[in-house]
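Me: I've got a model open on my screen and I'd like to learn how to read it. Can you walk me through it, feature by feature?

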Amino acid sequence: MAAFEAEYHDSVQSRDASRAATVNKIQARQALETTLRTVGSMIQANPEITDAEKAEAGLPIHSTSRRRIPAPTVAPAAEIDITAPMRHMVHFFDAANSRRKTKPAGVKFCEIIMFVGDAEPENIELYRNVGVTGKSSYTIGFDTIDVGKTAWYRFRWTNPRGEAGPWSTAYSATVAE
């Protein structure tokens, strides 16, 4: 019994020492990381240190100029699927790109407007805002009063600053029952 108690006591002491060593290691690492980040920031801010020297030290090379993302210059192309009764799934994409779910460079969102009626309206002011999305498709639901009518859509890209490009041509689909 005395041998077991001695071994048990040694085991508990070893476990506690291991836990303490782990805590000390974590704290030492955090202190080292803080120091390294501070030194790295000082090196990055020093204009006398070249990009080559920064790269050799393993630091990232930051751009010194910021470019403004211009407003989009092209309109999206679109396809409309009738996915269910009184529901359209609109897909929009960059017509110049062969991958259908790709937005042009610098584009963040697609703005969608719609008009429900028998003929395409001549005035774009008659369209109502349906939504804005960063995805490549958008689902639109209709009321029973719209069944049999034509939904007319227009789309335009916007950049991250909210600056909009030109409206697309009108796309249309019938609201199915």
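**Reading the model step by step**

Reply: Let's start with charge. The protein has 21 positive and 21 negative charges, and their mean positions are 2 Å apart. Keep in mind that this is a predicted model.

Me: How many helices and strands does the protein have, and which pattern do they follow along the sequence?

Reply: Count the elements, then read them in order. Here you'll find two helices and seven strands, and the pattern runs α-α-β-β-β-β-β-β-β.

Me: What radius of gyration does the protein have, next to that of a compact globule of 177 residues?

Reply: The trick is to set the value beside what a globule of that length would give. A compact globule of 177 residues would come out near 16 Å, while this protein has 31 Å. The C-alpha trace spans about 95 × 60 × 30 Å along its principal axes. For a single pair to look at, try Glu56 and Thr174: they are 118 residues apart along the chain, and their C-alpha atoms are separated by 62 Å. Glu56 sits in helix α2, residues 51-56, and counts as exposed at 73% relative accessibility.

Me: What share of the residues is buried?

Reply: Buried residues are those with under 20% relative accessible area. They make up 23% of the 177 residues here. On the outside, the protein exposes about 12400 Å², with carbon and sulfur atoms supplying 53% of that.

Me: And the contacts: what percentage joins residues 24 or more positions apart?

Reply: Look at contacts with a sequence separation of 6 or more, then ask which of them reach further along the chain. In this protein, residues 24 or more positions apart account for 61% of those contacts.

Me: How many aromatic pairs are there?

Reply: You look for ring centres within 6.5 Å, then check the angle between the planes. The count is six. One of them is Phe92 with Trp157, which is edge-to-face, at 6.4 Å centre to centre with 75° between the planes.

Me: Why does that pair tie together parts that are 65 residues apart in sequence?

Reply: Because Phe92 lies in strand β2 (residues 87-93) and Trp157 in strand β6 (residues 150-158). Both Phe92 and Trp157 are buried.

Me: Why is the pair of Tyr153 and Phe155 called stacked?

Reply: Planes under 30 degrees apart count as stacked. The Tyr153 and Phe155 planes are at 15°, with ring centres 6.2 Å apart, so this pair is stacked. Tyr153 is buried, with a relative accessible area of 0%, and Phe155 is also buried at 0%. Zoom out and you get one aromatic cluster, formed by Phe92, Tyr153, Phe155, Trp157 and Tyr171.

Me: Is Asp94 buried or exposed?

Reply: Check the relative accessible area: Asp94 has 13%, so it is buried. Asp94 is found in the loop between β2 and β3 (109-117). Setting aside neighbours within four places in sequence, Asp94 is in contact with Thr102, Lys103, Pro104 and Trp157. Trp157 also belongs to the aromatic cluster.

Me: Last one: what is the phi of Met86?

Reply: Most residues other than glycine have a negative phi. Met86 is not a glycine, yet its phi is positive, about 55°. You'll find Met86 in the loop between β1 (77-84) and β2. With a relative accessible area of 24%, Met86 is partly exposed.

Note on methods:
Residues are numbered from 1 along each chain as its sequence is written. This is a predicted model: local features need pLDDT of at least 70, side-chain atom pairs count only at pLDDT 80 or more; totals for chains, interfaces and linings use all residues. Side-chain values use heavy atoms; hydrogens and water are left out. Helices (H or I, at least four residues) and strands (E, at least two) are DSSP runs, numbered from the N terminus. The radius of gyration is taken over C-alpha atoms; the globule rule is 2.2 Å times the number of residues to the power 0.38. Buried means under 20% relative accessible area, exposed over 50%, partly exposed in between (1.4 Å probe, protein chains only). Contact means heavy atoms within 4.5 Å. Accessible areas come from the Shrake-Rupley method with a 1.4 Å probe; for residues, only the protein chains shown count as cover. Lys and Arg count as positive and Asp and Glu as negative; His and the chain ends are not counted. The place of a charge is taken as NZ of Lys, CZ of Arg, CG of Asp or CD of Glu. Rings of Phe, Tyr and Trp (its six-membered ring) pair if their centres lie within 6.5 Å; planes under 30 degrees apart count as stacked, over 60 as edge-to-face and the rest as tilted.
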